[in-house]
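Visitor: Could you take me through one part of this model in detail? I'd like a close look at the sheet and what sits around it.

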Amino acid sequence: MHPIIAMWSHPRSVSTAIERIMRERGDCTCFHEPFMYDYYINRAVRVMPGFEPEPDKPQSYEAVKDCLLEASESGPVFFKDMGYYVVPRIFEDRDFADRLTSTFLIRDPVKSIPSYYKLDAELTLEEIGLEGQWRLFDWTNRVIGKAAFVLDADLVQNDTQAAMRAYWEALGLPFVSHAFEWQSETVPDDWKQVEAWHQKAQASTSIRPAEDNEKVREKFELAAAKEPKLHSYLAHHRPFYEKLRAFAVDA
């Protein structure tokens with residue numbers, strides 16, 4: 001069996017752009033948030049705006065897992081997903097967790113929250129995502145016994161090649177220079193189900209540099225002026241970001 005690389009992220013963390021880089025490598029079968037179907041369709045936790053599910057996709061946790069395992073029989077697999085989609089279900093599925101090479105992508109919630117709010121004003125506390133990531137990271141390290149790789153989106157945006165070089169080295173993958181440029185008109189098919197969420201990633205041909213801190217804070221305060229609960233969301237999730245940030249690679 002071949003490796004199954006999981007990038008556990010949270011919404012608006014630059015994860016889709018990294019997924020595009022992984023697709024451009026050409027040596028992995030890539031999946032875009034496969035467990036989203038279990039969270040939003042099978043369990044129907046809430047209605048996700050802009051999500052147009054495809055009827056032929058596996059919808060339950062078990063069906064998604066089987067799909068990933070089957071794909072790994074033919075070659076390496078990469079998927080990016082949200083940690084809260086599988087927490088706590090995966091804690092009862094140690095065999096599958098042990099098959100994964102779990103990695104984590106984080107972004108300062110002062111940046112990710114207003115970006116998420118702009119697309120979904122009804123976002124929930126859980127969907128900010130960093131608490132679920134921390135629970136999964138902590139469990140993976142303690143119970144599965146694997147030192148999970150953590151990547152911060154700031155590094156990815158400010159020095160994409162250095163960040164991905166470190167990521168690939170940790171995974172035992174060779175550096176592939178052609179993966180950093182892509183054509184905006186060649187959009188992966190499975191992005192179409194959530195096309196409204198990935199307009200920038202679809203229109204871009206590379207990852208853009210991070211914005212300066214003053215502009216970032218201004219965007220957050222503008223969003224919080226419309227929805228005050230964003231302050232409590234930030235206060236809740238920032239400690240989990242800081243815990244994960246302590247383990248992040250410094251390329």
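Guide: Let's start with a bit of vocabulary: two strands count as paired if DSSP finds at least two bridges between them. Keep in mind that this is a predicted model. With that in hand, look at β4, residues 100–106, which pairs with β5 in the parallel sense over four bridges. Within this pair, L105 stands opposite L151 of β5.

Now widen the view. The open sheet has five strands, ordered β2-β3-β1-β4-β5, and the pairing is parallel. At the edges you'll find β2 (29–32) and β5 (149–152), each pairing on one side only. Going from one strand to the next, the twist averages 20 degrees. As for what holds such an arrangement together, strands of a sheet pair through backbone hydrogen bonds, either parallel or antiparallel.

Next, the helix over the sheet. Helix α1, residues 15–25, lies across β1 (4–9), β2, β3 (77–82), β4 and β5. Against β2, α1 runs at about 160 degrees.

One more stop, at another helix: α3 covers residues 61–72, and Y61 is found in it. Y61 counts as buried because its relative accessibility is 4%, and the cut-off for buried is under 20%. Who are its partners? Setting aside neighbours within four places in sequence, Y61 is in contact with F35, D38, N42, V86, R89, I90, D93 and F96. Take R89 from that list: it lies 28 residues from Y61 along the chain, with 8.4 Å separating the two C-alpha atoms.

Conventions: Residues numbered from 1 in each chain as written. Predicted model: local features only at pLDDT ≥ 70, side-chain atom pairs only at ≥ 80, totals over all residues. Heavy atoms only, no water. Helix = DSSP H or I, 4+ residues; strand = E, 2+ residues; numbered from the N terminus. Axes fitted to C-alpha atoms, helices over the stretch in contact; angles between N-to-C directions. Contact = heavy atoms within 4.5 Å. Buried < 20%, exposed > 50% of the residue type's maximum accessible area, 1.4 Å probe, protein only.
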